Amino acid sequence: MNHLTEYASLLDKAASNAKDVAQFDPEGRLSLDDAYEIQSQSIHLRLARGERRVGVKMGFTSRAKMIQMGLSDVIWGRLTSSMQIEEGSVVEFSRFVRPRVEPEIAFVLKHALNGDVTGPQALAAVEAIAPALEIIDSRYRDFRFSLPEVIADNASSSGFVIGAWQRPSLDFSNLGLTLNLDGRVAQVGSTAALLGHPLRSLVAAARLSAAAGEPLQAGWIVMAGGATSAEWIAPGQYVSVEMDQLGSAGFHVKG
């Protein structure tokens, strides 16, 4: 077993057991290719247990965040069936280590998208769009991690909730939204925060997933990235997103 496989197993167990682990690359010396290989191997362990691939999540879709992290591109992670949480349902807090939540817009595809595509080509592949929430959860102790460690940890993606699907023909480039905790507005933002237009996030998803040999498939969901800063969540809360024209999505957190 090489060290990448060992790290993949370590992170898989951490996610499965909701137990934090020590950093294995605190100085960020691993290449991003190695980090994505760890992520891939950890997801394959889930698939071997019967989970299914259902899509892709995008991260660092804010230009400011990319600059802060010294990146020239977004990062991405894999979505599996066990990560999808029914809208309005109750989520056990104990399944996470230290969860936070971000408001997002989600796409579902009606046909595959492979490689370099234009915005119009990406839009033509979209079956529907919806307001969504992503639960992100770092498995590293004391919430300390390097960039390769984030990528290896499936870009912190741990769960997602999607509201009612809507037609993609409406202009979703700049939809106002709020992230709410128990009905209180915690964050205010817009879908324009996603690379200036959420469709650019979908274009990036098509490019990056194809480069990894896993092109976007019909029926897959693409989470376009956080439209505001993330908020910590706690037992007993009701967490929701309200988005202009698209409606809402939410979930309850059980202690």
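# A tour from strand to cavity

Start by selecting Glu92 and, opposite this residue in strand 13, Lys254. Helices and strands here are DSSP runs numbered from the N terminus (helices: H or I, at least four residues; strands: E, at least two).

The model on screen is predicted, so local features need pLDDT of at least 70 and side-chain atom pairs pLDDT 80 or more, while totals for chains, interfaces and linings use all residues. Residues are numbered from 1 along each chain as its sequence is written, and side-chain values use heavy atoms, without hydrogens and water.

## Stop 1: the open sheet

Now colour strand 4 (90-92) and strand 13, residues 247-254. These two strands run parallel and are joined by three bridges. Two strands count as paired if DSSP finds at least two bridges between them.

Add strand 12, residues 238-243. Strand 12 pairs with strand 13 in the antiparallel sense, over six bridges. To see one of the pairs, select Tyr238 and its bridge partner in strand 13, His252. Between strand 12 and strand 13 the hairpin has three residues. Select Gln245 in this hairpin: its phi is positive, near 70°.

Next, add strand 8, residues 176-181, and strand 9. Strand 9 covers residues 184-190. Six bridges hold these two together, and the strands run antiparallel. Here the pair to select is Asn180 and Val185, with Val185 as the bridge partner in strand 9.

In what order do the five strands lie in the open sheet? The order is 4-13-12-8-9, with mixed pairing. Strand 4 and strand 9 are the edge strands, and each of them pairs on one side only.

## Stop 2: the annotated span

Select residues 74-253, the range that UniProt lists in an unreviewed entry for "domain: Fumarylacetoacetase-like C-terminal". UniProt positions use the numbering of this page, with feature names shortened, and annotations may be inferred rather than shown by experiment. Draw a distance between the end C-alpha atoms of residues 74-253 and the viewer should give 29 Å. Strand makes up 39% of this span and helix 14%.

## Stop 3: three loop residues

Select Asp142, in the loop between strand 6 (126-137) and helix 5 (147-152). Its phi is positive, near 60°, in a residue other than glycine. Most residues other than glycine have a negative phi.

Move along to Ser156, in the loop between helix 5 and strand 7. Ser156 also has a positive phi, near 65°. Which of the words buried or exposed fits Ser156? Ser156 is buried, because its relative accessible area is 10%, and buried means under 20%, exposed over 50%, partly exposed in between (1.4 Å probe, protein chains only). Asp142 is exposed, with a relative accessible area of 60%.

Then select Leu30, in the loop between helix 1 and helix 2. Leu30 is buried, at a relative accessible area of 14%. Show Glu149 as well: the two residues are 119 residues apart along the chain, yet their C-alpha atoms are separated by 8.4 Å.

## Stop 4: the second largest pocket

Select Ala15, Ser16, Arg46, Ser82 and Arg95, the closest to the centre of the second largest pocket among its 17 lining residues. On a 1 Å grid over the protein atoms alone, a pocket is an open set of points with protein on both sides within 12 Å along at least five of seven lines, a cavity is a set where a 1.4 Å probe fits but cannot get out, and lining residues have an atom within 4 Å of a point.

This pocket has a volume of about 250 Å³. A volume is the space filled by probe spheres set on the grid points, which are joined across faces, edges and corners.

Colour helix 1 (3-17) and strand 7 (157-162), each of which supplies at least two lining residues. The largest share, four residues, comes from helix 1. By class, the pocket lining has six nonpolar, four polar and seven charged residues. Ala, Val, Leu, Ile, Met, Phe, Trp, Tyr, Cys and Pro count as nonpolar, Asp, Glu, Lys and Arg as charged, and the others, Gly among them, as polar.

## Stop 5: the cavity

How many cavities of 30 Å³ or more does a search of the whole structure find? The search finds one. The largest cavity has a volume of about 50 Å³.

For its lining, select Leu11, Asp12, Ala15, Ser42, Arg46, Arg139, Ala152, Asp153 and Asn154. Helix 1 and helix 2 (32-48) each give at least two of the lining residues. Helix 1 has the largest share, three residues. The cavity lining divides into three nonpolar, two polar and four charged residues.
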